[in-house]
Amino acid sequence: MPEAHRQPARRPGRLAAGDDRLRAHRGASLGCVQVGMLQALDEAGIRPDLWVGTSVGAVNAAYMAGRPGPGGAEHLAGVWRRLHRRDVFPTPPLRALRSGGQGLVAPDNLARLLRTHLPYRNLEDAPVPVTVVAVDVCTSADVPLSQGPAVEAVLASAAIPGVFPPVAIGGRHFMDGGVVDNAPISHAVALGATVVWVLPAGYACSLAEPPGSALAMALQGLNVLVQRRLAHDLEVYGDRADIRVVPPLCPVRVPPTDFSRSVELMGAARLSTEQWLGAGMVGGPPPGLHDHR
């Protein structure tokens, strides 16, 4: 196992090419899996000098960028322990369907949650640089956002198509970055990363049965894109950076709309990551789709 190291002190906003970057994945309620991984990495002294996230990964990345140093992951775990489905996905109103709205769920609850817990107003003010990735609805381009209002940027990166409405920023409309680049390894590498830690959340293995709701089905559709793109990026960027994929929990039978098992999933992810680090970062289930049947 390469020696775990702390990042040297530096001025906020500076990027040092060659230092570690952490790329966070997506997965709705399964974002708690990332938190368990982060707790294990934090305990090992692995603290990146840049955060890059998409969808729920953008939520976690933005939070961690505001709390550098030891203990940030534990604080984030405290937030996740208190989360309920209604805090993110309130009951979809039927009037959204009747009125032709662009999303079934109003983002007000998620926006309130972000305003409560992000300790900075603009992305460029984060103590550790952070970039969140969203997709331009009209051009289909994936766009890295590293400046401007933090809450709006994270909401844009997490705007699951058909579930949340797109978010307008600077005259452009954005939706979930996972649609085009769910594994923003490419953006981490473009920012100068030579070591990238990837935290997969979501389904790495096949489901026992189809999702039971429209919301869960929409999330599963994006999770399929997540796994396909991750495999592609590992192949394309593997010779340009040291990409370290933390093994996903496997199998996971918790739907991405269920927040009731966050404590259980965080604990399992923390333990599995500790074991993986202790074994020299070898072993564990593969990051791509596979079948347990």
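This briefing covers helix H11 of a predicted model, together with the salt bridges and aromatic pairs around that helix and elsewhere. H11 spans residues 262-278 and has a buried side as well as exposed residues on the face turned away from that side. The structure holds eight salt bridges and two aromatic pairs.

**Helix H11**

- H11 has 17 residues, and the distance from its first C-alpha to its last is 24 Å, close to the 24 Å expected at 1.5 Å a residue.
- Its buried residues are Ser262, Leu265, Met266, Ala269, Thr273, Trp276 and Leu277. These residues lie on the same side of H11 because they cover an arc of only 100° around the axis.
- The cover over the buried residues of H11 includes two helices, H1 (31-43) and H3 (72-81), and two strands, S7 (195-199) and S8 (242-245).
- Val263, Gln275 and Gly278 are exposed, and they sit on the face of H11 turned away from its buried side.
- Gly280, just after H11, has a positive phi of about 80°.

**Salt bridges**

- Side chains of opposite charge can pair when their charged atoms come close.
- Arg270 and Glu43 form a salt bridge through their side chains, at 2.1 Å from N to O. This pair links distant parts of the chain, with Arg270 in helix H11 and Glu43 in helix H1, 227 residues apart.
- Arg270 also meets Glu274 in a salt bridge, with an N to O distance of 3.7 Å. Both residues belong to H11 and are four residues apart, about one turn of the helix.
- Glu74 and Arg81 form a further salt bridge, and their closest N and O atoms are 3.0 Å apart.
- Glu274 is partly exposed, at a relative accessible area of 33%. Through shared partners, salt bridges join Glu43, Glu74, Arg81, Arg270 and Glu274 into one network.
- The other members of this network are likewise partly exposed: Arg270 has 24% relative accessibility, Glu43 has 48%, Glu74 has 36% and Arg81 has 42%.

**Aromatic pairs**

- A pair of aromatic rings is described by the distance of the centres and the angle of the planes.
- The structure has two aromatic pairs. One of them is stacked: Trp80 and Phe259 are 6.1 Å apart centre to centre, with 15° between the planes.
- Trp80 lies in helix H3 and Phe259 in the loop between S8 and H11, so this pair ties together parts that are 179 residues apart in sequence.
- Both partners are buried, Trp80 with a relative accessible area of 4% and Phe259 with 7% relative accessibility.
- The rings of Trp197 and Trp276 form an edge-to-face pair, because their planes stand at 90°; the ring centres are 6.4 Å apart.
- Trp197 is in strand S7 and Trp276 in helix H11, so the pair ties together parts that are 79 residues apart in sequence.
- Trp197 is buried at 3% relative accessibility, and Trp276 is buried at 6%. Trp276 is also among the buried residues of H11, and strand S7 is among the elements that cover them.

**Charge over a ring**

- Arg67 lies over the face of Tyr63, at 4.0 Å from the ring centre.

Definitions and conventions. Residues are numbered from 1 along each chain as its sequence is written. This is a predicted model: local features need pLDDT of at least 70, side-chain atom pairs count only at pLDDT 80 or more; totals for chains, interfaces and linings use all residues. Side-chain values use heavy atoms; hydrogens and water are left out. The expected span of a helix is 1.5 Å times one less than its number of residues. Buried means under 20% relative accessible area, exposed over 50%, partly exposed in between (1.4 Å probe, protein chains only). The arc is that of the directions from the helix axis to the C-beta atoms. Contact means heavy atoms within 4.5 Å. A salt bridge is a side-chain nitrogen of Lys or Arg within 4 Å of a carboxyl oxygen of Asp or Glu. Rings of Phe, Tyr and Trp (its six-membered ring) pair if their centres lie within 6.5 Å; planes under 30 degrees apart count as stacked, over 60 as edge-to-face and the rest as tilted. A charge sits over a ring if NZ of Lys or CZ of Arg is within 6 Å of the ring centre and within 35 degrees of the ring normal.
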